[in-house]
Amino acid sequence: MIDALRFEWIRIRTIRSTYWLTALALVLSAAVAGLIGYFSRENPISDQMAGVILTGGSAFSPLPFTAVFMGIIGVFAFGHEYRHGTILPTLTAVPRRGSLVLAKAAVLIGWSLVVAVVSVGLNWGVARVLSGQSLPLFDAPVGPALGGYLGFVVLWGLLGLGLGGLLRSLPAAMVLIFVVPLVVEPLLTALTMIPALESVREYVHYLPFTAGNAMSQTVSDLGADRPRNSDLPTRLVSSLTFTAWVALVLGAATALFHKRDA
């Protein structure tokens, strides 16, 4: 296992895409935080808006920058192996497939978590300079939202890892990771506005990316510790829902990785 971890750590550090994807995640997230902070400089920033700033505007986008770029790095973890045909020498060096998957997941969790923490700190600093106000980090609802945000970014990375291993195709995994949150889930949500489908409307909150986005919300009903509408799941339920979806994808990818030829 130690050898697998060392192998994966070297792999992720020696791929240039890791660095430019990480840089894009930090810069774009900080840019959003800076814009919101700058245009809020004339008025006190509420706790709800502070959460939006610190998470790089995740409340306003189905694809928060930091999360989606960690998802792409996750896709690359397996996608690059199959695209460039390096999976065979990789399995020669690390023949235990379970150890290889665990090592990829562990390194990805660590990388995503560090990037998420740095992103929050960078967003805080940028907003502090441009708004002239100090944003809270630990008080409710910001503190719980930031905890959800860290988990959200890590889970996106693992989801990308699972899709890359499951599909073995970089383009297919990339398309899926963008199309589902941008097209499929909004379409399903819109369909529930039809009176005949009103009975299933409450279940859209359990769709993977809808549940995931609720983990870091501070400006909607889902962001409160106790939702105003009893039909809406709490942050904890949304977190468990997204975790279950990611576990399902990653578990299927791991099972097939053991059964299929390299």
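Ser119 is in contact with Leu26, Ser29, Thr66 and Tyr149, leaving aside neighbours within four places in sequence. Ser119 itself lies in helix α6. At 0% relative accessibility, Ser119 counts as buried, because buried means under 20%. The model is a predicted one, and the values here are computed from it.

A second serine makes a useful stop. Ser17 sits in helix α2. Its relative accessible area is 9%, so Ser17 too is buried. Beyond residues up to four places away in sequence, Ser17 touches Phe76 and His80.

Now to the nonpolar interior. The largest nonpolar core holds 64 residues. Within this core, the residues with the most contacts are Met70, Trp156, Leu161, Phe242 and Phe257. Helix α7, residues 142–167, gives the most to the core: twelve residues. In soluble globular proteins, nonpolar side chains tend to be buried together.

What does Trp156 touch, leaving aside its neighbours within four places in sequence? Its contacts include Pro62, Leu63, Ala67 and Val68. Gly71 is also in contact with Trp156, as are Ile177 and Phe209. Phe242 completes the list. Phe242 and Trp156 are both among the core residues with the most contacts.

Next come the charges. Side chains of opposite charge can pair when their charged atoms come close. How many salt bridges does the structure hold? There are four.

Start with Lys104. Lys104 forms a salt bridge with Glu8, and the closest N and O atoms are 3.1 Å apart. This pair links distant parts of the chain. Lys104 belongs to helix α6, residues 97–131, while Glu8 belongs to helix α1, residues 2–13. The two are 96 residues apart. Are these partners buried or exposed? Lys104 has 1% relative accessibility and therefore counts as buried. Glu8 also has 1% relative accessibility, so Glu8 counts as buried.

Lys104 has another partner. Glu81 forms a salt bridge with Lys104, with the closest N and O atoms 3.0 Å apart. Glu81 lies in helix α4, residues 65–83, and Lys104 in helix α6, so the pair ties together parts that are 23 residues apart in sequence. Glu81 is buried, and so is Lys104. These bridges belong to a wider arrangement. Glu8, Arg11, Glu81 and Lys104 are linked in a network of salt bridges.

Arg41 and Glu42 offer another setting. Their side chains meet in a salt bridge, at 3.8 Å from N to O. Arg41 has 35% relative accessibility, so Arg41 counts as partly exposed. Glu42 is exposed, because its relative accessible area of 62% is over 50%. Where does Glu42 lie? Its place is in the loop between α2 (16–39) and α3 (47–54). Glu42 can also be set against Ser239. The two residues are 197 residues apart in sequence. In space they are 35 Å apart, C-alpha to C-alpha.

Another loop holds a backbone feature. Arg168 is placed in the loop between α7 and α8. Most residues other than glycine have a negative phi. Arg168 is not a glycine, yet its phi is positive, at about 55°. At 22% relative accessibility, Arg168 counts as partly exposed, because that class runs between the 20% and 50% limits.

Finally, the largest pocket. Its volume is about 190 Å³. The pocket is lined by 13 residues. Which of them lie nearest its centre? They are Val180, Pro208, Phe209, Trp245 and Val249. Phe209 has appeared already, as a contact of Trp156.

Several helices build this lining. α7, α8 (170–191), α9 (208–214) and α10 (235–259) each supply at least two residues. α8 gives the most, with six. What is the make-up of the lining by class? Twelve residues are nonpolar and one is charged. No polar residue is present in the lining. Helix α7 thus has two roles to note: it gives the most to the largest nonpolar core, and it supplies at least two residues of the pocket lining.

Terms used. Residues are numbered from 1 along each chain as its sequence is written. This is a predicted model: local features need pLDDT of at least 70, side-chain atom pairs count only at pLDDT 80 or more; totals for chains, interfaces and linings use all residues. Side-chain values use heavy atoms; hydrogens and water are left out. A nonpolar core is a set of buried Ala, Val, Leu, Ile, Met, Phe, Trp, Tyr and Cys residues joined through side-chain atoms within 4.5 Å. Buried means under 20% relative accessible area, exposed over 50%, partly exposed in between (1.4 Å probe, protein chains only). Helices (H or I, at least four residues) and strands (E, at least two) are DSSP runs, numbered from the N terminus. Contact means heavy atoms within 4.5 Å. On a 1 Å grid over the protein atoms alone, a cavity is a set of points where a 1.4 Å probe fits but cannot get out, and a pocket is an open set with protein on both sides within 12 Å along at least five of seven lines; lining residues have an atom within 4 Å of a point. Grid points are joined across faces, edges and corners, and a volume is the space filled by probe spheres set on the points. Ala, Val, Leu, Ile, Met, Phe, Trp, Tyr, Cys and Pro count as nonpolar, Asp, Glu, Lys and Arg as charged, and the others, Gly among them, as polar.
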